[in-house]
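Please look over the chain shown below before reading the report.

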Amino acid sequence: MAQTAMQQESEFHPWGISLDNNQALGDPEVILRCIVSGFFANAARLHHSGAYRTLRDDHELHIHPTSVLYAEKPPKWVVYNEVMQTSRHFLRDVSAIESSWLVELAPHFYRRGTVRTATLLLFFIFL
């Protein structure tokens, strides 16, 4: 049975994501924001070396060669589902994101800031 737009919209509200009437239901940003709300702890930022560094523990990671993002210009920020270890640590199931989504969708885990200390449980986003 097909869902109405109102039913689909109500399913996004528990995760703090809303759809307005002007926004297409097939908008990839809505889906990406849902992914971020679930995988916020698996975020990584592009390092100047060309590799990614996890925000949680600063591990070096690389996009897996089978990923569609491998041949593209590397996005600054990503979330991922798994890390595969071979000769290097590779990101699998990777999605490009906006850093502001981490602060917005996981404020209990991330805060925008300029100082990073190892004793804090919150992770700061440096832009």
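The report covers the overall make-up, the barrel, the cores and two single residues.

## Overall make-up

The model is predicted. The chain contains three helices and seven strands, and their order from the N terminus is α-α-β-β-β-β-β-α-β-β. Of its 127 residues, 34% count as buried.

The exposed area of the chain is about 8,300 Å², with 55% of it supplied by carbon and sulfur atoms. Among contacts with a separation of 6 or more, 42% are between residues 24 or more positions apart.

## The barrel

Five strands form a closed barrel in the order 1-2-3-5-4, and the pairing is mixed. From one strand to the next, the twist averages 50 degrees. Helix 2 (residues 28–39) packs on the sheet and touches strand 1 (43–46), strand 4 and strand 5 (89–97). The direction of helix 2 makes about 55 degrees with that of strand 4.

Strands of a sheet pair through backbone hydrogen bonds, in either a parallel or an antiparallel manner. Strand 2 (residues 52–54) and strand 3 run antiparallel and are joined by two bridges; Y52 has L61 of strand 3 as its bridge partner. Strand 1 and strand 4 are also antiparallel, with three bridges between them, and R45 has W77 of strand 4 as its bridge partner. Eight bridges join strand 4 to strand 5, again antiparallel. Here the bridge partner of V83 is L91 in strand 5. The connection from strand 4 to strand 5 is a hairpin through three residues.

## Nonpolar cores

In soluble globular proteins, nonpolar side chains tend to be buried together. The largest nonpolar core in this model has 14 residues, of which V36, F40, A43, L55, I97, L102 and Y110 touch the most other members. Strand 4 and helix 3 (99–105) each supply at least two residues of this core, and helix 3 provides the largest share, four residues. Leaving out residues up to four places away in sequence, V36 touches V79, I97, W101, L102 and L105.

A second core, separate from the largest one, has nine residues, including A44, Y52, L61 and I63. Two of these residues, Y52 and L61, are the bridge partners named above for strands 2 and 3.

## S95 in strand 5

S95 lies in strand 5. Is S95 buried or exposed? Its relative accessibility is 15%, and because buried means under 20%, S95 counts as buried.

Which residues does S95 contact, leaving aside neighbours within four places in sequence? They are L32, I35, L69, W77, V78 and V79. One of these, W77, is the bridge partner of R45, and another, V79, is also touched by V36.

## P74 in a loop

P74 is located in the loop between strand 3 (60–63) and strand 4 (77–85). With a relative accessibility of 41%, P74 counts as partly exposed, because that class lies between the 20% and 50% limits.

Apart from residues up to four places away in sequence, P74 touches L46 and Y52. Y52 is also a member of the second core. The C-alpha atom of P74 is separated by 9.3 Å from that of A51, and these two residues are 23 residues apart along the chain.

Terms used
Residues are numbered from 1 along each chain as its sequence is written. This is a predicted model: local features need pLDDT of at least 70, side-chain atom pairs count only at pLDDT 80 or more; totals for chains, interfaces and linings use all residues. Side-chain values use heavy atoms; hydrogens and water are left out. Buried means under 20% relative accessible area, exposed over 50%, partly exposed in between (1.4 Å probe, protein chains only). Contact means heavy atoms within 4.5 Å. Two strands pair if DSSP finds at least two bridges between them. Axes are lines fitted to C-alpha atoms, for helices over the stretch in contact, and angles run from 0 to 180 degrees between N-to-C directions. A nonpolar core is a set of buried Ala, Val, Leu, Ile, Met, Phe, Trp, Tyr and Cys residues joined through side-chain atoms within 4.5 Å. Accessible areas come from the Shrake-Rupley method with a 1.4 Å probe; for residues, only the protein chains shown count as cover.
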